[in-house]
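Here are some notes to read alongside the structure, written for someone meeting it for the first time. Please keep the view open as you go through the points.

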Amino acid sequence: METVQFQSFVFSYSVYGGILIGIIYDIYRVFRGRKRNEGFITSFWDILFILSVFLVIVWTIFSSNYGDIRAYVLIGFVVGFFLYERLLGRIAAAVFLYAARRLAFFLKATNNIAILPFKLLYSFI
């Protein structure tokens, strides 16, 4: 029989897992974008999201509760996800979107700098 102290530890651990799932969901929304991509890209992001959520759930359950799934563990995931979405979801999504835009700008600038010698060489030929 599990003690109440152990059950509260496992519940709080699953709430943290739900918060982590919320963070993964916001990152997923940023990379997937507002418009729907067709075909392989959509399937790739969906599968990557599902696998990452699955790994968070399995890691959380096995590291806190030795793989024992109880109702309060599942409720903890849901509570953590909704707490994250209601309290930090919009702010974190905006931060992730800003970071993704800055990263895209940096990669585009780096790509232009890296290609510049080849463009100059091509113009002389």
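Is Tyr66 buried or exposed? Tyr66 is exposed, since its relative accessible area is 70%, and exposed here means over 50%. Please bear in mind throughout that this is a predicted model.

1. **The loop residue.** Let us stay with Tyr66 for a moment. You will find Tyr66 in the loop between helix 2 and helix 3. Its phi is near 55 degrees, a positive value in a residue other than glycine. So the backbone angle to check belongs to a residue that is exposed, with 70% relative accessible area.

2. **The helices on either side of that loop.** Helix 2 covers residues 40–65 and helix 3 covers residues 71–87. Their axes come within 12 Å and cross at roughly 130 degrees. That angle makes helix 2 oblique to helix 3, because an angle would have to be over 145 degrees to count as roughly antiparallel. The crossing of helix 2 with helix 3 is right-handed.

3. **Who meets whom there.** From helix 2, the residues taking part are Ile57, Thr60, Ile61 and Asn65. Facing them from helix 3 are Tyr72, Val73 and Phe77. Sorted by class, this contact of helix 2 with helix 3 holds 5 nonpolar and 2 polar residues, with no charged ones.

4. **Helix 1 against helix 2.** Two packed helices are described by the angle between their axes and the distance between the axes. For helix 1 and helix 2, the axes come within 9 Å and the angle is roughly 165 degrees. Helix 1 is therefore roughly antiparallel to helix 2, and the two cross in a right-handed way. The contact of helix 1 with helix 2 has 16 nonpolar, 8 polar and 2 charged residues.

5. **Helix 1 against helix 3.** How do the axes of helix 1 and helix 3 cross, and within what distance do they come? They cross at roughly 45 degrees and come within 6 Å. Helix 1 and helix 3 are therefore oblique to each other, and their crossing is right-handed. In the contact of helix 1 with helix 3, the residues divide into 14 nonpolar, 7 polar and 3 charged.

6. **The nonpolar core.** In soluble globular proteins, nonpolar side chains tend to be buried together. In this model, the largest nonpolar core has 11 residues: Val10, Ile21, Ile24, Tyr28, Phe49, Val53, Val56, Ile61, Tyr72, Val73 and Phe77. Helix 1 (4–32), helix 2 and helix 3 are the elements that give two or more residues to this core. You have already met Ile61, Tyr72, Val73 and Phe77, which are among the residues where helix 2 meets helix 3.

7. **Two core members in close-up.** Ile24 lies in helix 1 and counts as buried, at 18% relative accessibility; the cut-off for buried is under 20%. Leaving out residues up to four places away in sequence, Ile24 touches Phe49, Ser52, Val53 and Val56. Within the chain, Ile24 and Phe9 are 15 residues apart in sequence, and their C-alpha atoms are 23 Å apart in space. Tyr28, another of the core residues, is in contact with Trp45, Asp46 and Phe49, again setting aside neighbours within four places in sequence.

8. **A buried acidic residue to look at.** Is Asp26 buried or exposed? Asp26, found in helix 1, is buried, with a relative accessible area of 0%. Beyond its neighbours within four places in sequence, Asp26 is in contact with Tyr84, Glu85, Gly89, Ala92, Ala93 and Phe96.

9. **Reaching helix 4.** Leu97 lies in helix 4 and is partly exposed, with a relative accessible area of 28%. Leu97 and Asp26 are 71 residues apart in sequence, yet 9.0 Å apart in space from C-alpha to C-alpha. Phe118 is also found in helix 4, which runs over residues 89–124. At 59% relative accessibility, Phe118 counts as exposed. The C-alpha atoms of Phe118 and Phe49 are separated by 38 Å, with their positions 69 residues apart along the chain.

Note on methods:
Residues numbered from 1 in each chain as written. Predicted model: local features only at pLDDT ≥ 70, side-chain atom pairs only at ≥ 80, totals over all residues. Heavy atoms only, no water. Axes fitted to C-alpha atoms, helices over the stretch in contact; angles between N-to-C directions. Helix = DSSP H or I, 4+ residues; strand = E, 2+ residues; numbered from the N terminus. Parallel < 35°, antiparallel > 145°, perpendicular 65-115°, else oblique. Left-handed = near helix turned anticlockwise from the far one by under 90°. Contact = heavy atoms within 4.5 Å. Nonpolar A, V, L, I, M, F, W, Y, C, P; charged D, E, K, R; others polar. Core = buried A, V, L, I, M, F, W, Y, C linked by side-chain atoms within 4.5 Å. Buried < 20%, exposed > 50% of the residue type's maximum accessible area, 1.4 Å probe, protein only.
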